[in-house]
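This briefing goes through one protein model by topic. Keep the sequence and the 3D view open while reading.

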Amino acid sequence: MFEKSASATQTMFIKVLYGDNEEALFNPNCRTLLLLEHIKEHVGYQSDIDIDLSDENGFIVHLLRSPPLQYASDLLESRRTFILVKVSKNEDGSESVEPMLKNLGRTDPMLLNVLQAVTMTLAAKSSTHRTKNIAGREAENPGKRK
């Protein structure tokens, strides 16, 4: 008799915080671009807006920079909470991020400070998915713990 492993029967989801303290659950067991499109559709953003996710420590996951066929579940640990961020290109080629969670300064001022520090400079040419949070710690893949 065939038995499913515990990991195969676990429900995979992530929680995304956005808007006026709203939250939604998403299944990351799909390609990264599909997950981002589904999030945009769910929260009512236009398809031409670039979004990404930040973990609760202010690390940007960089789903936008992942290979087109990569699964989001390879980058995101199930059952974690992420903050929706808007990604904009600056004239100098760098990227800026803006948290799409209103009142973040009131609910979590430290996280807002971290995201503002990350916003200062995200090198557009970086392809190694490395970023630093305000404490200067580096993360190869901030969305998934090892």
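In this predicted model, strands β1 and β4 run parallel to each other and pair over three bridges. Strand β4 also pairs with β3, in the antiparallel sense and over six bridges. A further antiparallel pairing, over five bridges, joins β4 to β5, which covers residues 95–99.

**Strand pairing, residue by residue**

- V16 has F82 of β4 as its bridge partner.
- D50 lies opposite V87, a residue of β4.
- V87 also has a bridge partner in β5, namely V97.
- β4 and β5 make up a hairpin, with five residues between the two strands.
- Within the turn of that hairpin, G93 has a positive phi of about 95°.

**Helix α2**

- α2 spans residues 32–43, twelve residues in total.
- From first C-alpha to last, α2 reaches 17 Å, which is close to the 16 Å expected at 1.5 Å a residue.
- The buried residues of α2 are T32, L35, L36, I39, K40 and V43.
- Viewed down the axis of α2, these buried residues fall within an arc of 135°, so they line one face of the helix.
- The general rule behind such a pattern is that an α-helix has 3.6 residues a turn, so residues three or four places apart point the same way.
- L34 and E41 are exposed, and they sit on the face of α2 turned away from its buried side.
- The cover over the buried residues of α2 includes four strands: β1 (14–18), β2 (22–26), β3 (50–55) and β4 (81–89).
- G44, just after α2, takes a positive phi of about 85°.

**Nonpolar core**

- The largest nonpolar core has 20 residues.
- The residues with the most contacts inside this core are I14, L35, I39, L53, L63, L76 and L84.
- At least two residues of the core come from each of β1, β2, α2, β3 and β4.
- α2 gives the most to the core, with four residues.
- As a general tendency, nonpolar side chains in soluble globular proteins are buried together.
- Leaving out residues up to four places away in sequence, L53 touches a list of residues that includes I14, V16, I39, F82 and L84.
- Also among the residues that L53 touches are F59, I60, V61, L63 and L76.

**Salt bridges**

- The structure holds five salt bridges.
- One pair is K15 and E23, whose closest N and O atoms are 4.0 Å apart.
- K15 is partly exposed, with a relative accessible area of 26%.
- R65 and E95 form another salt bridge, at 2.9 Å from N to O.
- This pair links distant parts of the chain, since R65 is in the loop between β3 and β4, E95 is in strand β5, and the two are 30 residues apart.
- E95 also forms a salt bridge with K89, and here the closest N and O atoms are 3.1 Å apart.
- R65, K89 and E95 are thus linked in a network of salt bridges.

**Buried or exposed in the network**

- Is E95 buried or exposed?
- E95 counts as buried because its relative accessible area is 8%, and buried means under 20%.
- K89 is exposed, with a relative accessible area of 58%.

Conventions: Residues numbered from 1 in each chain as written. Predicted model: local features only at pLDDT ≥ 70, side-chain atom pairs only at ≥ 80, totals over all residues. Heavy atoms only, no water. Expected span 1.5 Å × (residues − 1). Buried < 20%, exposed > 50% of the residue type's maximum accessible area, 1.4 Å probe, protein only. Arc of directions from axis to C-beta. Contact = heavy atoms within 4.5 Å. Pairing = 2+ DSSP bridges. Salt bridge = Lys/Arg side-chain N within 4 Å of Asp/Glu carboxyl O. Core = buried A, V, L, I, M, F, W, Y, C linked by side-chain atoms within 4.5 Å.
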